[in-house]
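The following exercises are to be worked with the sequence and the model open side by side. Each task is followed by a solution in steps.

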Amino acid sequence: MKANTAHTPQAPQDEALLIRRILDGQTELFRQLVVRYAEPVLRVVGRVVPSPEDAEEVVQDTLLAAFRSLDRYDALRASFHTWLMAIAYHTAMNRIRREHRLSFADTDQASLDAIPDAEADALLSDSRQERLALLDRAVALLLPDDQLMLSLYYYDDRPIGDIALITDRSEGYLRSRLQWIRKRLALTIKTLETHDEE
């Protein structure tokens, strides 16, 4: 299920120089960062914020928050892209919580434990059109937080270490949670298939 999407990060020294110039008062240069990162942020946010208008607003809020806190960015801790995605993640989650979209059915852990890893892998690796449609439906039923983790890891090909920085979670937790998400998706696909056949 891991996508092979390549993103082209800016050379760290070029980006560091640009950020230094912005902090030194050349604030109009922030537009270069907006142009470079608005689309990747929108791509991630748009997966969990259903309305395009709301997703655009979250992106604008993210970029404004990044501009206002640019002096707190620490290049030794994370790339600018990762730091910006952390702001986007928290902005999107705050928006979702405010709108009370967190009413999702919980899954019985025993049902998830009963699914072997190989079976989950097979279900999620099936590239038939009808299976991909079921996968999209299953992803839409995940909690927004899980959707974002899934999006960052599988669709945007972000390393676990970056996702840990973005979400303020440990790498161990993320590995465990991604495994749980995979099994949850497999169980949901099986349930949707059974329901669709009735």
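**Exercise 1: A salt bridge between two helices**

Arg-95 is buried, with a relative accessibility of 7%. The model in which this residue is examined is a predicted one.

Task: Determine which acidic side chain meets Arg-95 in a salt bridge, and which helices hold the two residues.

Solution.
Step 1. A salt bridge requires a side-chain nitrogen of Lys or Arg within 4 Å of a carboxyl oxygen of Asp or Glu. Arg-95 meets this condition with Asp-54, at 2.9 Å from N to O.
Step 2. Arg-95 belongs to helix H4 (residues 80-98) and Asp-54 to helix H3 (residues 52-68), so the salt bridge ties together parts that are 41 residues apart in sequence.
Step 3. The burial of the two partners is then assigned. Buried means under 20% relative accessible area; Arg-95, at 7%, is buried, whereas Asp-54, at 22%, is partly exposed.

**Exercise 2: Further salt bridges and a network**

Task: Establish where Arg-175 and Glu-171 lie, and state which residues are joined into one network by salt bridges that share partners.

Solution.
Step 1. In the salt bridge of Arg-175 with Glu-171, the closest N and O atoms are 3.6 Å apart.
Step 2. Arg-175 is partly exposed at 48% relative accessibility, and Glu-171 is partly exposed at 37%.
Step 3. Both residues are located in helix H10 (residues 171-197), with a separation of four residues, about one turn of the helix.
Step 4. The network formed by salt bridges with shared partners consists of Asp-126, Arg-128, Glu-130, Arg-131 and Glu-193.
Step 5. Within this group, Glu-130 and Arg-128 form a salt bridge whose closest N and O atoms are 3.4 Å apart. Glu-130 is partly exposed at 48%, and Arg-128 is partly exposed at 42%.
Step 6. Under the same cut-off, the count comes to 17 salt bridges.

**Exercise 3: Aromatic pairs around Trp-83**

Task: Describe the geometry of the aromatic pair formed by Tyr-73 and Trp-83, and that of the pair formed by Phe-80 and Trp-83.

Solution.
Step 1. Two values are needed for each pair. A pair of aromatic rings is described by the distance of the centres and the angle of the planes.
Step 2. The search of the whole structure yields six aromatic pairs. One of them joins Tyr-73 and Trp-83, at 5.3 Å centre to centre and with 55 degrees between the planes, a tilted arrangement.
Step 3. Tyr-73 is in the loop between H3 and H4 and Trp-83 is in helix H4; the two are 10 residues apart, and their pair links distant parts of the chain.
Step 4. For Phe-80 and Trp-83, the ring centres are 5.5 Å apart and the planes stand at 40 degrees, so this pair is also tilted. Both residues are in helix H4, three residues apart, about one turn of the helix.
Step 5. Phe-80 is buried at 2% relative accessible area, and Trp-83 is buried at 17%.
Step 6. Tyr-37, Tyr-73, Phe-80 and Trp-83 make up one aromatic cluster.

**Exercise 4: The nonpolar core**

Task: Identify the residues with the most contacts inside the largest nonpolar core, and the element that supplies its largest share.

Solution.
Step 1. The largest nonpolar core comprises 57 residues, and the most contacts inside it belong to Leu-33, Val-45, Phe-80 and Leu-185.
Step 2. H4 contributes the largest share of this core, namely 11 residues.
Step 3. A general tendency gives context: in soluble globular proteins, nonpolar side chains tend to be buried together.
Step 4. Over the whole protein chain of 198 residues, 41% count as buried.

**Exercise 5: The surroundings of Met-149**

Task: Decide whether Met-149 is buried or exposed, and list its contacts beyond neighbours within four places in sequence.

Solution.
Step 1. Met-149 is in helix H8 (residues 144-155). At 1% relative accessibility, Met-149 is buried.
Step 2. Apart from neighbours within four places in sequence, Met-149 contacts Ile-163, Thr-167, Arg-169, Tyr-173, Leu-174, Arg-177 and Leu-178.
Step 3. One of these contacts, Arg-177, also lies over the face of Trp-180, at 4.0 Å from the ring centre.
Step 4. The C-alpha atom of Met-149 is 9.8 Å from that of Val-44, although the two residues are 105 residues apart along the chain.

Methods: Residues are numbered from 1 along each chain as its sequence is written. This is a predicted model: local features need pLDDT of at least 70, side-chain atom pairs count only at pLDDT 80 or more; totals for chains, interfaces and linings use all residues. Side-chain values use heavy atoms; hydrogens and water are left out. Buried means under 20% relative accessible area, exposed over 50%, partly exposed in between (1.4 Å probe, protein chains only). Rings of Phe, Tyr and Trp (its six-membered ring) pair if their centres lie within 6.5 Å; planes under 30 degrees apart count as stacked, over 60 as edge-to-face and the rest as tilted. A charge sits over a ring if NZ of Lys or CZ of Arg is within 6 Å of the ring centre and within 35 degrees of the ring normal. A nonpolar core is a set of buried Ala, Val, Leu, Ile, Met, Phe, Trp, Tyr and Cys residues joined through side-chain atoms within 4.5 Å. Contact means heavy atoms within 4.5 Å.
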